[in-house]
Amino acid sequence: MLLHEFDPNPVAVINPSDTRPPVAGCPKVAVSCFERGTFGRMVERLGGVEITRMKKANWDTPVYRTEYKGVEIALFEAYVGAAGCVGDLEELFYVGVEKLVLFGTCGVLDKSVRDCGVIIPTSALRDEGASFHYAPPSDEIEVNRKYREEFIEILDRHQCTYALGKVWTTDAFYRETPEKASRRKARGCVCVDMECSAVAALAQFRGKEVFQFFHASDCLDGGDWDEWGLSQTSNITGKDKAALLALELAVRIG
C-alpha cells in the first residue's frame, strides 16, 4: 500500500525553507483555532501585529504577534483539513514557533458530552492520509502526552467539566457513515475531527510540542446528525471560553 511507504528522511524535494524566510522575533508559543468567528474575536480582544502570512494558491492566512498576561504569543487561524493544516504548521514551525496550543470543534460520538463540552484527546485513529507521511503506519497515534495534567489543572480552576478519550480523525466528513461511526465508538472514540492525528504525527516528526483539545459542536451518536452549536453564531460564550483556556495554557507552557 502506498500509505505504508513511510520515508523518515526529514528533507524533502520542497521544504518550508524554500518557500519563506524565518521571522525575526517570532513568538515561541502559538495559539490557533479552526473557527473563523472565534479567531476573529481573539484578535479583536488581544490585538496584535501581523508578522507573516501563510500563502496558498487560494487563501492567505495572517499570523499575528500579540501578548497575553505578559507572554508573547503568535495567533493564526488553522486551515481546516489534515493536509492543509499540516502544511501551514510546517511553515509556522520553520519561522520560529516551538510550541502550539490548537483547538477547534468536533463531532461527538457520545451524546453524554454536551454542546461546547471540552474534550481532551489521548490518542487518534488515523483515518486520513497526511499522518502516514510523518509516522510509520499504524491505526492509532498518541496525542497530548505532555501538558495534559497542566491543562486539566486549568480546567479545574475555571470549573470546566471535560472528557478524555480517543478521537477518530478522518478527512472525508461526508463519508462518516452510521456503520463507521458505530465501529469507531466501539473502539473507544468519543469524537471525530479532521486534523488531530496528522498534527500529532507532524509534531513528533519535527520535534515540536503541540497540545490539542476540542469543544463539542455537533453530535453523530445514534446514527442521526444533530447540529448543536456548529453554527458560528451559536454558543459564542462557550467558544470564547475555549479560547480563554487555550490562552491560559499557552501562558503556562510559554
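The radius of gyration used here is taken over C-alpha atoms, and the globule rule is 2.2 Å times the number of residues to the power 0.38. With that in hand, here are four views of this predicted model.

**View 1. The whole chain has the radius of gyration that the rule for a compact globule leads us to look for.** For 254 residues the rule gives a value near 18 Å, and the chain has 17 Å, so the two agree. The C-alpha trace spans about 50 × 45 × 35 Å along its principal axes. Within that space the chain forms 7 helices and 10 strands. Buried residues make up 54% of the 254. Take the contacts between residues at least 6 apart in sequence: 76% of them join residues at least 24 apart. On the outside, the accessible surface comes to about 11,900 Å², and carbon and sulfur atoms account for 51% of this surface.

**View 2. The second largest pocket has a volume of about 550 Å³.** Its lining has 23 residues, and those closest to the pocket centre are Ala-12, Ile-14, Glu-90, Tyr-134 and Arg-206. If you would like to trace the walls, the elements giving two or more residues to the lining are α1 (16-19), β2 (49-55), α3 (82-95) and α6 (196-206). Helix α3 provides the largest share, with 4 residues. By residue type, the lining of this pocket divides into 10 nonpolar, 5 polar and 8 charged.

**View 3. Helix α2 (residues 36-46) has a set of buried residues with several elements among their cover.** The buried residues are Gly-37, Thr-38, Phe-39, Met-42, Val-43 and Leu-46. An α-helix has 3.6 residues a turn, so residues three or four places apart point the same way. Keep that in mind as you look along the list, which includes Phe-39, Met-42, Val-43 and Leu-46. What covers the buried residues of α2 includes the strands β1 (29-33), β3 (60-68), β4 (71-77) and β5 (99-108), together with helix α7. Just after α2 comes Gly-47, and the phi of Gly-47 is positive, near 70 degrees.

**View 4. Asp-224 sits in the loop between β10 (209-219) and α7 (236-253).** Is Asp-224 buried or exposed? Its relative accessibility is 61%, and because exposed means over 50%, Asp-224 counts as exposed. For a point of reference in this view, look for Thr-177, which is 47 residues from Asp-224 along the chain. The C-alpha atoms of Asp-224 and Thr-177 are separated by 9.9 Å.

How values were computed:
Residues are numbered from 1 along each chain as its sequence is written. This is a predicted model: local features need pLDDT of at least 70, side-chain atom pairs count only at pLDDT 80 or more; totals for chains, interfaces and linings use all residues. Side-chain values use heavy atoms; hydrogens and water are left out. On a 1 Å grid over the protein atoms alone, a cavity is a set of points where a 1.4 Å probe fits but cannot get out, and a pocket is an open set with protein on both sides within 12 Å along at least five of seven lines; lining residues have an atom within 4 Å of a point. Grid points are joined across faces, edges and corners, and a volume is the space filled by probe spheres set on the points. Ala, Val, Leu, Ile, Met, Phe, Trp, Tyr, Cys and Pro count as nonpolar, Asp, Glu, Lys and Arg as charged, and the others, Gly among them, as polar. Buried means under 20% relative accessible area, exposed over 50%, partly exposed in between (1.4 Å probe, protein chains only). Contact means heavy atoms within 4.5 Å. Accessible areas come from the Shrake-Rupley method with a 1.4 Å probe; for residues, only the protein chains shown count as cover.
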